[in-house]
Amino acid sequence: MRPDVAFALPALAGGGVERVYLDLAGAMVKEGLRVDFVLARAEGPLLAQLPQGVRLWDLGVPRRLRLLRAYTPLGVYLAPARPRVVLPVWDYLDWVPLQAAWRSRTPFLWVLHNAPAYLKDVPNPVKRHTALWAARQTLKRAVNHPLGRVGAVSRGVAQAFARFGGVPEERICVLPNPIHVDRVRRLSHENVPLPATPYFLALGRLHPQKGFSLLLEAFSIFAKHHPDVHLLILGEGPERPRLEKLAHTLGLTSRVAFLGFVVNPYPYLRGAKALVITSRYEGFSMVALEALALRVPVVAVESEGGLLEALGDGRFGIVTPRSPQALAHAMERVLSDGFAWDETALKDHLNQYSPEAALRSYMSVLEEIWR
């Protein structure tokens with residue numbers, strides 16, 4: 001049976017984009033839509049969370065050069081399946097599934113989930129140059145393509161990509177990510193061993209994007225005056241050895257715990273004095289919303305993208321300049337004074353990102369594409 005929506009991803013790794021699409025897929029199935037998840041390879045820690053009723057397609061592409069080698073198998077899926085729309089997220093090479101969609105004349109909704117600065121973090125110079133060139137060319141074609149639309153998870157991402165690609169910002173619609181407040185709160189009560197001492201929490205892939213070096217430098221300043229406070233970092237990634245070495249160099253080995261990837265981070269979040277976000281850029285920052293849902297203060301540094309929007313343009317968190325001293329001072333402030341917000345305003349803010357609100361936004365765009 002022809003699917004209404006096909007989500008195309010490399011795998012179901014433990015990232016925010018994958019969680020967002022799993023949530024959207026589940027909501028779409030409840031609305032009676034037929035949904036496929038098309039994976040270059042059916043693997044990843046979130047594979048077990050595929051919603052009931054979603055059909056899984058495993059293209060079986062080997063890991064080596066997977067993003068490029070998936071082009072032909074994806075086209076083989078699209079031609080007979082004929083989904084009414086395909087939503088691709090293909091790491092830094094979104095042009096691969098988009099080219100497959102265009103060749104098969106499959107309608108598409110391309111949602112930009114991060115600020116374009118992420119393309120500059122591709123480590124291989126050749127791949128980085130290719131990714132930057134391909135993103136610009138693909139964006140220019142996509143915003144004018146008759147078979148689809150381009151979206152972004154925040155105004156900040158839409159504005160940044162419009163500047164990056166030299167395209168009109170109004171050609172990029174804003175499609176908010178959903179947050180399940182009730183689920184976050186329920187999972188936050190799972191019984192896990194937490195530190196007996198006060199702690200700050202950072203959460204994210206151990207990657208240069210997340211700015212964890214800045215966090216460690218700030219915490220080394222903060223820790224001199226607060227010997228009983230610790231820092232927990234949840235996440236895994238290529239930066240772990242370097243960050244562990246930096247923590248040792250700063251004399252923080254006994255004060256900083258790298259806990260790796262955690263399927264349910266919410267008990268740690270609920271118990272934290274504050275969530276600290278040091279990203280250089282963010283598409284939106286779901287973890288900031290999740291902290292607010294648990295009424296945990298957020299301390300963040302300025303960054304490109306949608307982080308400020310997640311914090312209500314600064315109304316619901318402390319936002320500081322990108323310096324260790326400024327961040328350490330903000331951590332001091334939240335530890336001593338906490339953070340006060342208007343409860344009604346915060347509820348209204350979170351409601352903007354409810355699953356129902358997110359689904360309405362997506363369905364409005366999909367119905368335009370399907371006309």
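These are my notebook entries on a predicted model.

**Ground rules.** Residues are numbered from 1 along each chain as its sequence is written. Because the model is predicted, local features need pLDDT of at least 70 and side-chain atom pairs count only at pLDDT 80 or more, while totals for chains, interfaces and linings use all residues, and side-chain values use heavy atoms, with hydrogens and water left out.

**Entry 1: core.** I looked up the largest nonpolar core, meaning a set of buried Ala, Val, Leu, Ile, Met, Phe, Trp, Tyr and Cys residues joined through side-chain atoms within 4.5 Å. Buried is under 20% relative accessible area, exposed is over 50%, and partly exposed is in between, with a 1.4 Å probe and protein chains only. The core has 144 residues. F7, Y21, F37, L109, F200, L216 and I233 have the most contacts inside it. Helix α8 (residues 212-223) gives the most to this core, with 8 residues. Helices are DSSP runs of H or I with at least four residues, strands are runs of E with at least two, and both are numbered from the N terminus.

I then listed the contacts of I233, where contact means heavy atoms within 4.5 Å. Beyond four places in sequence, I233 meets A202, L206, F212, L215, L216, V256, A257, F258, L259 and G260.

**Entry 2: L252.** This residue sits in the loop between α9 (240-249) and β10 (256-260). L252 counts as buried, at 3% relative accessibility. Leaving out neighbours within four places, it contacts L216, F219, S220, A223 and A247. I also checked H230: its C-alpha is 9.2 Å from that of L252, with the two positions 22 residues apart along the chain.

**Entry 3: helices.** Which residues of α11 are buried? I found M286, V287, A288, L289, E290, A291, L292 and A293. That is 8 of the 8 residues in α11 (residues 286-293), so the helix is largely enclosed by the rest of the structure. R295 follows α11 and has a positive phi, near 60°.

Next I checked the length of α5 (residues 125-142). The expected span is 1.5 Å times one less than the number of residues. For 18 residues that gives 26 Å, and the end C-alpha atoms are 25 Å apart, which agrees. Buried in α5 are A131, L132, A134, A135, T138, L139 and A142. They pack against α4 (95-103), β5 (108-112), β6 and α6.

**Entry 4: second largest pocket.** On a 1 Å grid over the protein atoms alone, a pocket is an open set of points where a 1.4 Å probe fits, with protein on both sides within 12 Å along at least five of seven lines; lining residues have an atom within 4 Å of a point. This one has 13 lining residues. R155, F284, E309, Q352 and Y353 lie nearest its centre.

S154 is in the loop between β6 (148-152) and α6 (155-165). At 0% relative accessibility, S154 counts as buried. Its contacts, not counting residues up to four places away, are V174, G283, F284, G305, G306 and E309.

**Entry 5: positive phi.** I noted L65, with phi near 55°. L65 lies in the loop between β3 (55-58) and α2 (66-69). Is L65 buried or partly exposed? It is partly exposed, at 43% relative accessible area. R105 has a positive phi of about 60° and is not a glycine. R105 is in the loop between α4 and β5. R105 is exposed, at 58%.
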